[in-house]
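Trainee: I should like to learn how to read a protein model, feature by feature. May we begin with the interior and then proceed to the sheets?

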Amino acid sequence: MIVTFYSYKGGVGRSMALANIADQLARSGARVLMVDFDLEAPGLEHFFPIDHRRVRGREGLLDLLLAFKYAMSVAASDTDGEEDAFRDLDRYISTVYPRGSDGGCLDLIPAGLRQTDEQITRYGAELRRFDWQDFYYVWSGELFFEWFRRVCAERYDIVLVDSRTGVTELGGVCAYQLADAVVALCAPNLQNVEGTAWMVRHFLSPQVRSVRGNRPLEVLVVPARVDQQDADLLDTFANRFRAGFDSFTPSTLTAAGLSFWDLQVPYVPGCAFEEQVITDPGRAAERRGLARAYENLRHAIALVAPENNAVAALRSAPVDEGQGRGAAEPLETQYDPTTRFASADVLLSFHPVDRDTALEIRDLLTVHGLRVADPLPDQSLQEAVRAKVNLVLVSPGSEQSAYQRRALASLTVRSDARLLPVLLPGVSGPPTELERYAFLDFRSGLDADRLLKIVRAGLRPPAPTLPDRDRLNRCPYPGLNAFSEAEADVFFGRDKVLQDVLSAMNRYGTCAITGGAGSGKTSLVHAGLLPALRAGKLPGSELWPIVTVRGDRGVSTLLAKLSALVDDPTASTGFRPEDLNEVLGRRYQHVVVVLDHFEEVLTESDDTQHEGTIALLRTLTSTRDPVVVPITVLRADFLVQASEQAPFLVGRPLVVPSMTVDEMREAVVRPAQAYGLQLEPGLTDRLLNDVGGEPGSLPLLQFTLREVWQRRRQGYLTHESYVETGGVRSSLTRAAEQLFTSFSADDRTRARELLLRLVSVDARGRHPRLLVPMATLAASGTAAVCEQMVRQRLLVITADAQEEPCVQLAHEALVDAWPRFRTWIDDARSLLLLREQLSAAAEEWERSERPVSALLGEQGLTLVGEQGQEARLGLGPLATEYLAVSRADFRRGRSIRNTMVVLLILYSVAFSYVASASLYTDTAILVSQIALQGSLLALAAILLRRTPPSRRERRSLFL
């Protein structure tokens with residue numbers, strides 16, 4: 001979308017309005033490009049606190065137009081190999097607000113190259129020679145505008161064009177060829193009103209529409225610089241303005257209840273003297289006043305924007321689609337949007353000969369907690385401009401380097417740059433270019449105390465003008481806690497599943513929301529679903545009372561809350577459950593009952609409470625036209641139990657899925673944006689990469705973000721702050737250690753046993769996480785400790801391949817990053833290896849259809865130890881069964897073998913005795929008797945062995 005800002009005469013604040021609208025749109029996440037088409041009076045860059053010399057030193061719009069003409073001339077002469085320089089649009093663009101983590105940015109195509117006197121002379125000469133009709137009809141100017149519109153549409157959400165005043169060719173070009181909408185600013189005097197009215201009629205005429213190829217054009221007429229002091233004059237102007245322009249009001253404004261008069265920009269003398277967009281967070285009150293002046297104009301532009309344009313999403317509305325919040329408003333940023341990173345406290349500018357002194361100053365300031373930019377002569381100019389205090393070291397014979405000269409040139413154009421020359425021993429005084437600055441005189445030697453005092457005074461911010469201290473001090477990330485309904489304005493990334501919940505409620509009149517611990521189901525209900533219901537996302541839901549009950553509160557709390565909805569002093573005790581549905585139905589269409597942590601109802605030790613709560617809910621939901629709409633929230637590992645005991649609540653469960661990478665990114669970036677904060681470039685990717693796709697990553701991410709927010713700097717969540725927290729690993733280990741030290745001595749032992757069950761050791765010495773069935777924890781006595789760790793998001797409940805609930809470490813970083821856990825693993829390494837070998841052997845036994853030959857022998861059983869050691873090893877169900885079968889088989893085989901050996905030995909002795917006493921002396925018979933005796937002894941030897949005889953051995957026994 002391209003919007004041209006036009007005025008019939010100058011002095012109406014046209015460029016000021018454009019700059020402020022651009023600022024608001026960019027801070028709201030839009031990609032914005034400004035184009036300084038006022039070539040005869042350029043200077044749009046001066047409305048922003050950026051390096052104006054840098055902008056004037058770059059090519060701009062006039063250079064782009066000349067490059068296009070040159071490209072056309074090359075094409076006409078059939079010359080090959082010439083590059084179309086105009087196609088490299090980045091060559092002509094200057095950055096005002098770098099792209100933020102929310103995608104918003106503000107760029108500028110300035111008028112043209114005009115930094116030096118020579119460049120200004122050339123600029124003026126080229127502009128006087130430039131003929132727009134010649135450009136359009138001879139040099140195919142229509143192709144240029146077609147190309148420019150197409151390229152801008154690909155890169156930006158909106159382009160704001162600052163046009164020339166009056167009836168000029170340039171003014172016509174900006175309106176006819178470029179604009180989708182024209183913002184015409186009109187001052188109160190009669191000349192402005194009549195001239196603007198004539199131009200508006202012309203813009204909307206059939207002739208202009210034909211020139212535009214029948215592209216529609218919207219016109220917004222804005223009363224500008226309206227003095228509010230004299231009520232009579234104000235009424236006169238209002239009547240004249242309405243009579244002249246109301247007939248041109250776009251239908252979208254009329255439908256929104258707006259007129260052109262509502263868009264008026266009041267006359268503020270201070271803004272007339274200092275025409276600059278305020279980006280400094282310390283001047284927020286002034287910035288807020290300007291934002292209010294342009295608020296309706298921004299809204300009007302959003303109303304005439306195409307539906308598929310990002311700017312259309314900024315339209316004011318009672319509620320925000322899908323979230324129940326107000327529409328996005330211009331952000332009151334806590335950071336300077338002209339920056340990308342939080343600036344250093346101090347920058348040192350010095351000549352290489354003064355490096356030792358610079359390092360000494362850096363060490364002094366760093367020890368006292370100040371952030372000092374790395375004192376290198378090739379320091380980036382951008383960092384030099386952004387440091388809060390800039391120390392320039394001056395010593396004898398140390399001419400300023402080219403870098404220092406460029407840095408000083410950048411600093412001197414900023415009104416907020418604190419530049420402080422430091423005179424070192426041997427120098428007579430500050431150089432000429434620094435004479436107008438107060439300086440630190442250390443010619444007699446470095447005074448550390450004085451240096452610290454002066455620097456700290458320079459760092460002290462002005463008195464804040466932000467009255468909304470709650471907003472400044474409120475963290476947009478809840479940490480390990482679930483989002484509450486009060487935090488709906490910072491709950492993002494769950495739009496799809498929220499829509500699924502609303503659809504289920506609309507279709508079935510109820511919804512059971514399930515998922516693992518830490519999956520975000522409670523946050524989804526409280527910060528997503530409840531605000532959506534209050535906003536009327538289901539027909540009539542804005543009138544439905546909402547009652548929330550935790551599972552551990554019991555039947556009495558639920559009954560009392562429902563009874564309290566009836567305006568009767570005796571309601572808390574006067575209604576039976578059987579009557580409550582009818583009584584509530586007289587007053588309400590529906591009553592939403594949120595049963596949060598419903599698993600606590602299922603595990604209630606008091607049978608009376610347990611059965612009473614379920615009975616009450618059954619009574620309230622089993623009538624023909626139930627008033628109560630139950631929203632059941634429970635962990636996935638309790639779904640089977642809930643299906644058995646309360647199937648009427650969980651008949652159609654909706655599983656909260658893991659967030660996608662894009663949803664996680666939204667959950668990181670948009671809460672910060674909502675509070676006017678910004679993440680430094682690359683920090684979002686760094687966080688998501690460190691957290692990974694772990695099942696417990698969501699609360700861990702929120703916990704880490706909260707830690708980083710507590711260390712924010714100048715409205716930025718910084719890489720340095722993230723490093724200071726220790727990153728994701730350190731956040732996790734702090735939570736783990738804090739919970740462990742809160743346990744009793746017995747629970748600490750159980751926690752150690754439980755955690756060692758959840759890891760293994762592979763051949764490479766790594767420690768993969770294991771899934772342990774919940775059913776095995778009760779037998780080991782660790783179920784209670786496990787529950788506490790699940791609630792603290794250190795463990796998560798998930799399911800194995802058979803859909804059985806299992807427990808697992810929330811994040812693999814817990815293994816390596818928690819020193820206590822790592823020590824336990826090292827101490828139990830041999831035990832873990834034995835468990836891994838047993839588990840592998842059991843799985844192989846199962847895959848091979850449980851052959852006897854795969855069972856453990858005597859040596860393996862001896863290594864495992866005596867019966868009863870399974871708990872010490874922490875074996876799973878299959879390995880435990882494998883070990884039990886191996887022991888039983890070994891005992892049975894040993895008993896049989898011992899019996900057979902005894903019988904064979906007795907038989908052999910008896911046979912020998914009979915043979916020796918025999919009267920037969922036939923040699924052949926004697927030989928066969930001896931062979932038979934040998935076979936019997938061999939059979940005994942085989943029986944004493946554990947393994948079956950080989951084929952050769954079996955044949956030898958019967959040959």
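Mentor: In soluble globular proteins, nonpolar side chains tend to be buried together. In this predicted model, the largest nonpolar core holds 85 residues.

Trainee: Which residues of the largest nonpolar core touch the most other members?

Mentor: They are Ile 631, Met 789, Leu 795 and Phe 821. Among the helices and strands, helix 20 (residues 521-534) gives the most to this core, namely 7 residues. Phe 821 may serve as an example: leaving aside neighbours within four places in sequence, Phe 821 is in contact with Leu 755, Leu 756, Val 759, Leu 809, Leu 814 and Val 815. Apart from this core lies another, of 72 residues, including Val 193, Val 277, Tyr 294 and Leu 303.

Trainee: How is burial read for a single residue such as Thr 725, and is Thr 725 buried or exposed?

Mentor: One compares the relative accessible area with a cut-off, and a residue under 20% counts as buried. Thr 725 has a relative accessible area of 1%, so Thr 725 is buried. This residue lies in helix 30 (residues 719-725). Beyond four places in sequence, the contacts of Thr 725 are with Glu 707, Val 708, Arg 711, Ser 730, Ser 731 and Arg 734. For the protein as a whole, buried residues make up 49% of the 959 residues.

Trainee: Let us turn to the sheets. What is the strand order of the open sheet of 8 strands?

Mentor: The order is 3-4-2-5-1-6-7-8, and the pairing is mixed. Strand 3 (94-97) and strand 8 (265-266) each have a single partner strand, so each has one side without a neighbour in the sheet. Within the sheet, strand 2 (residues 31-36) pairs with strand 4 (residues 105-109) in the parallel sense over 5 bridges. Met 34 has Leu 108 of strand 4 as its bridge partner.

Trainee: Which strands does helix 6 lie across?

Mentor: Helix 6 (residues 141-155) lies across strand 1 (2-7), strand 2, strand 4 and strand 5 (158-162), and runs at about 145° to strand 2. Helix 8 (residues 190-203) also packs on the sheet, where it touches strand 1, strand 6 (181-186) and strand 7 (218-226). The direction of helix 8 makes about 165° with that of strand 6.

Trainee: How is the open sheet of 5 strands ordered?

Mentor: Its order is 14-15-16-13-17, with parallel pairing. Strand 14 (546-550) and strand 17 (653-655) stand at the edges with a single partner strand each, so one side of each is left without a neighbour in the sheet. On average, neighbouring strands here are turned by 20° against each other, direction ignored. Strand 13 (residues 511-515) and strand 17 run parallel and are joined by 3 bridges; Ile 513 has Leu 654 in strand 17 as its bridge partner. Helix 19 (residues 495-508) lies across strand 13, strand 16 (628-635) and strand 17, at about 150° to strand 13.

Trainee: Where does pLDDT stay under 50?

Mentor: It does so over residues 318-328, for which the model has 31 contacts beyond four places in sequence. Residues 462-468 also have pLDDT below 50, and that stretch has 13 contacts in the model beyond near neighbours in sequence. The mean pLDDT of the protein is 78, and 76% of its residues reach 70 or more.

Notes: Residues are numbered from 1 along each chain as its sequence is written. This is a predicted model: local features need pLDDT of at least 70, side-chain atom pairs count only at pLDDT 80 or more; totals for chains, interfaces and linings use all residues. Side-chain values use heavy atoms; hydrogens and water are left out. Two strands pair if DSSP finds at least two bridges between them. Helices (H or I, at least four residues) and strands (E, at least two) are DSSP runs, numbered from the N terminus. Contact means heavy atoms within 4.5 Å. Axes are lines fitted to C-alpha atoms, for helices over the stretch in contact, and angles run from 0 to 180 degrees between N-to-C directions. A nonpolar core is a set of buried Ala, Val, Leu, Ile, Met, Phe, Trp, Tyr and Cys residues joined through side-chain atoms within 4.5 Å. Buried means under 20% relative accessible area, exposed over 50%, partly exposed in between (1.4 Å probe, protein chains only). pLDDT is the predictor's confidence in each residue, from 0 to 100.
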